[in-house]
Amino acid sequence: MNPMLPEITKLLQLQERDQRIRTLQKELKDVPKHEALAKSQLAGDTAAVEAGSIKAKETEVKIKSVELDIQTRQNSIKRLHDQQFETRKNDEFQAMGIEIKRYEGEINKIEDKQLDLMEELEFAKSLLKDAQAKLAVTQAHVNAELKALVERAEGLKKRLSNLEAERTELAAPIEQQTMDLYTRLFTKKPDAAVVPLAHGICGGCHMKVVSGTIQQLRSEEVVTQCESCGRILYLVE
Ligand SMILES: [Zn+2]
């Protein structure tokens with residue numbers, strides 16, 4: 001172990017916690033993204049169920065309308081039969097007979113259409129059932145993923161609060177001025193505020209420092225910064 005300012009040792013312990021905190025915070029921040037991604041798996045299956053349901057309902061409406069068409073003609077036939085009973089005129093009776101035949105012919109055609117529609121409905125219902133089954137499988141899968149994500153978020157929060165407590169304790173004995181410098185650097189730099197200086201090269205920006213900086217580090221009197229990037233240095237020789 002190289003000789004080191006006690007302040008630097010404390011900062012390195014603090015920084016280790018801060019780096020872990022930063023990683024966990026990022027993971028926690030990404031949880032909603034993972035949740036949205038999990039839920040997006042439902043979109044296709046949900047759309048298929050909706051389309052299937054609409055198709056089945058439309059076919060049911062068509063069948064109702066066809067049933068009504070048949071009913072209307074059956075009523076007309078019944079009315080004509082009643083009128084046939086009441087009339088005494090032969091030509092009227094025959095004219096009504098022709099009307100009845102015409103309605104019966106129409107009913108036959110509508111009934112063919114009714115059969116086609118019922119087949120269509122059966123097919124639509126089987127497609128809907130398949131789509132619902134597929135959605136149920138996906139939903140169960142997504143629910144499990146969402147549950148795991150909630151558990152993960154809870155675990156991350158717990159670990160974060162432990163780390164926060166540790167870093168508060170570690171930060172307490174560090175001088176305010178050093179703390180301010182460290183905080184400013186750690187906030188700005190994505191990696192670290194305190195970095196090793198090995199072979200005259202800053203471990204943060206990888207620039208060569210001037211010999212005066214190395215001299216100052218060796219003297220172990222003050223907190224020394226890289227003149228290129230400003231990071232706090234400690235000597236590794
Ligand atoms: Zn540097």
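Which residues of α4 are buried? To answer this, select helix α4, residues 176-188, in this predicted model. The buried residues are Tyr182, Leu185 and Phe186. When the helix is viewed down its axis, these buried residues fall within an arc of 95 degrees, so they line one face of α4. An α-helix has 3.6 residues a turn, so residues three or four places apart point the same way.

Next, display what lies over that face. The cover of the buried residues of α4 includes α1 (6-40) and β3 (232-236). Then turn the view to the other side of the helix. The face of α4 turned away from its buried side carries exposed residues, namely Gln176, Gln177, Asp180, Arg184, Thr187 and Lys188.

Before leaving α4, its length may be checked. The helix has 13 residues, which at 1.5 Å a residue should span 18 Å; the end C-alpha atoms are 18 Å apart, in agreement with that expectation.

Now select the strands, beginning with β1, residues 194-198. Strand β1 pairs with β3 in the parallel sense, over five bridges. One pair to highlight is Val195 and its bridge partner in β3, Leu233. Strand β1 is also joined to β2 by two bridges, and these two strands run antiparallel. Here Leu197 stands opposite Cys202 of β2.

Continue to the turn that links these antiparallel strands. β1 and β2 form a hairpin with two residues between them. In this turn, His199 has a positive phi of about 55 degrees. Most residues other than glycine have a negative phi.

Two further residues merit selection for their phi values. The first stop is His206, in the loop between β2 (201-202) and α5 (211-219). Phi of His206 is near 65 degrees, a positive value in a residue other than glycine. Is His206 buried or exposed? His206 counts as exposed because it has 11 C-beta neighbours inside 10 Å, and the cut-off for exposed is 12 or fewer.

The next stop is Glu220, in the loop between α5 and β3. Glu220 is not a glycine, yet its phi is positive, at about 55 degrees. With 15 other C-beta atoms within 10 Å, Glu220 is partly exposed.

Finally, zoom out to the whole protein chain. Its domain assignment gives domain 1 (34-170) and domain 2 (175-236). Colour the two separately and compare their positions. How many Å separate the centres of domain 1 and domain 2? Taken over C-alpha atoms, the centres are separated by 70 Å.

Definitions and conventions:
Residues are numbered from 1 along each chain as its sequence is written. This is a predicted model: local features need pLDDT of at least 70, side-chain atom pairs count only at pLDDT 80 or more; totals for chains, interfaces and linings use all residues. Helices (H or I, at least four residues) and strands (E, at least two) are DSSP runs, numbered from the N terminus. The expected span of a helix is 1.5 Å times one less than its number of residues. A residue is buried if 20 or more other C-beta atoms lie within 10 Å of its own, exposed if 12 or fewer, and partly exposed in between; C-beta atoms are placed from the backbone. The arc is that of the directions from the helix axis to the C-beta atoms. Two residues are in contact if their C-beta atoms, placed from the backbone, lie within 7 Å. Domain bounds come from an automatic or database domain assignment. Two strands pair if DSSP finds at least two bridges between them.
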